[in-house]
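Here are my notes on this one, as numbered points. Have the model open while you read them.

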Amino acid sequence: MLTLTLFNHAGGVMKSSLTRDVGYTLAHAGQRVLLIDLDPQANLTDWLGVSGVTRDQTIYDTATRGDALPEPVRAHGLHLLPSDVSLALAEGQMMGVVGAHLHLRQALHEWRDRYDTVLIDSPPSLGQLSILGALAADHLVVPVPTRQKGMNALAGLAEAMATYRKLRPDLTVALYVPTLYDARRSHDREAYAALKDILTPLASPIPDRGAVWNDSASAGQPVGVYAPNSPVHQDVLRVTQEIAVATGMTLDVAQGVRQ
Ligand SMILES: Nc1ncnc2c1ncn2[C@@H]1O[C@H](COP(=O)(O)OP(=O)(O)O)[C@@H](O)[C@H]1O
Ligand SMILES: [Mg+2]
């Protein structure tokens, strides 16, 4: 089992979008995939069309008490530990509990034979739930928009990584993914060039293409279901393959070969 956390404390960088669509692509290729929504805003949960979530279906009791994980819900061939706004309360509860930041890693260990890949969607913060998600990962995947906003987040990311490595010296960033890239804008081209200089390994950029992403989110469907013939789906297949290579999965997305 390989656990990857989509991580960046900045919001709107494509963490939830990539979690959903990379997860769907891996499942479509035959992997057993678990997605975990750690964001109390529950975008990932909504965008998979899952509603009516109660707190006991989320990772709340795992985070705060170290309980075993609840049974995931099913959506589009994926297993999902969904989120709900009540998960926000876990932040305060975790603070008084020694070792709480390792609860998710420990609980996932019990499921190591059940899944091939676990993808964790981080909240846009450096709070308790983000630490929980980062420390549960074998590797982080870090989306960075090709904008000033993306550059501005890098110092905070480096600082967070340094802190997490004190508890998990083996934790690495498997791949930085440039996102929301608009090649027509000189600002984006300059930011992308700067990212190439400072971040390794760096994936090829994911173009800024609003409509399909937003419409598939409203429809509660992965892009591979909502618009399988779109350029956006090609973007998804490409980045999934790059993540697979960066993390040592034996997977050919085009062939659908099992890990
Ligand atoms: N390639 C893309 N081009 C344009 N908009 C996108 C793209 N991918 C995602 N989006 C949209 O950008 C917004 C932020 O993405 P999201 O995945 O929620 O980021 P995060 O989880 O990092 O906050 C969402 O409304 C999403 O639909
Ligand atoms: Mg998100």
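1. In which sense do strand β6 and β7 pair, and over how many bridges? Strand β6 (residues 139–145) runs parallel to β7, and the pairing covers seven bridges; two strands pair here if DSSP finds at least two bridges between them. Within that pairing, V144 stands opposite P178 in β7. Strand β7 (residues 172–179) is mostly covered, with six of its eight residues buried. A residue is buried if 20 or more other C-beta atoms lie within 10 Å of its own, exposed if 12 or fewer, and partly exposed in between, with C-beta atoms placed from the backbone.

2. Some housekeeping before going on. This is a predicted model, where local features need pLDDT of at least 70 and side-chain atom pairs count only at pLDDT 80 or more, while totals for chains, interfaces and linings use all residues. Residues are numbered from 1 along each chain as its sequence is written, and chains are lettered from A and ligands numbered from 1 in the order in which they are written.

3. On confidence: pLDDT is the predictor's confidence in each residue, from 0 to 100. The protein chain has a mean of 96, and 98% of its residues reach 70 or more. Confidence is lowest in helix α7 (residues 148–167), at a mean of 95, and highest in strand β2 (residues 33–37), at 99. The usual caution is that where pLDDT is low, the predicted coordinates should not be read in detail.

4. Now the overall build. The protein chain has eleven helices and seven strands; these are DSSP runs numbered from the N terminus, with helices being H or I of at least four residues and strands E of at least two. The radius of gyration is 17 Å, which agrees with the value near 18 Å that a compact globule of 259 residues would have. That radius is taken over C-alpha atoms, and the globule rule is 2.2 Å times the number of residues to the power 0.38. Along its principal axes the C-alpha trace spans about 50 × 35 × 30 Å.

5. Burial and contacts next. Of the 259 residues, 48% count as buried. Among contacts with a separation of 6 or more, 79% are between residues 24 or more positions apart; a contact means two C-beta atoms, placed from the backbone, within 7 Å.

6. Strand β2 is worth a look. Five of its five residues are buried, so β2 is largely enclosed by the rest of the structure. Both faces are covered, with V33, L35 and D37 on one side and L34 and I36 on the other. β2 pairs in the parallel sense with strand β5 (residues 117–121) over five bridges, and V33 stands opposite T117 in β5. β2 also pairs in the parallel sense with strand β4 (residues 78–81), over three bridges; there the bridge partner of I36 is L81.

7. The loop between β5 and α6 holds both P123 and G127. P123 counts as buried because it has 25 C-beta neighbours inside 10 Å. Not counting residues up to four places away in sequence, P123 touches L38, D39, P40, L129 and S130. The C-alpha atoms of P123 and F7 are separated by 8.1 Å, though the two are 116 residues apart along the chain. G127 is partly exposed, with 18 other C-beta atoms within 10 Å. G127 and D39 are 11 Å apart, C-alpha to C-alpha, and 88 residues apart in sequence.

8. After that loop comes helix α6 (residues 128–135), which is mostly covered, with seven of its eight residues buried. The buried ones are Q128, L129, S130, I131, L132, G133 and A134.

9. For contrast, try G52, in the loop between α2 (43–47) and α3 (60–65). With 8 C-beta neighbours inside 10 Å, G52 counts as exposed. The C-alpha atoms of G52 and R184 are separated by 42 Å, with their positions 132 residues apart along the chain.

10. Finally, ligand 1. Which residues come nearest to ligand 1? Of the 17 around it, they are V13, K15, S16, S17 and W213; a residue is near if its C-beta atom, placed from the backbone, lies within 6 Å of the molecule. α1 (15–28) and α9 (210–219) each supply at least two residues of the shell, and α9 gives the most, with four. By class, the shell has seven nonpolar, seven polar and three charged residues. Here Ala, Val, Leu, Ile, Met, Phe, Trp, Tyr, Cys and Pro count as nonpolar, Asp, Glu, Lys and Arg as charged, and the others, Gly among them, as polar.
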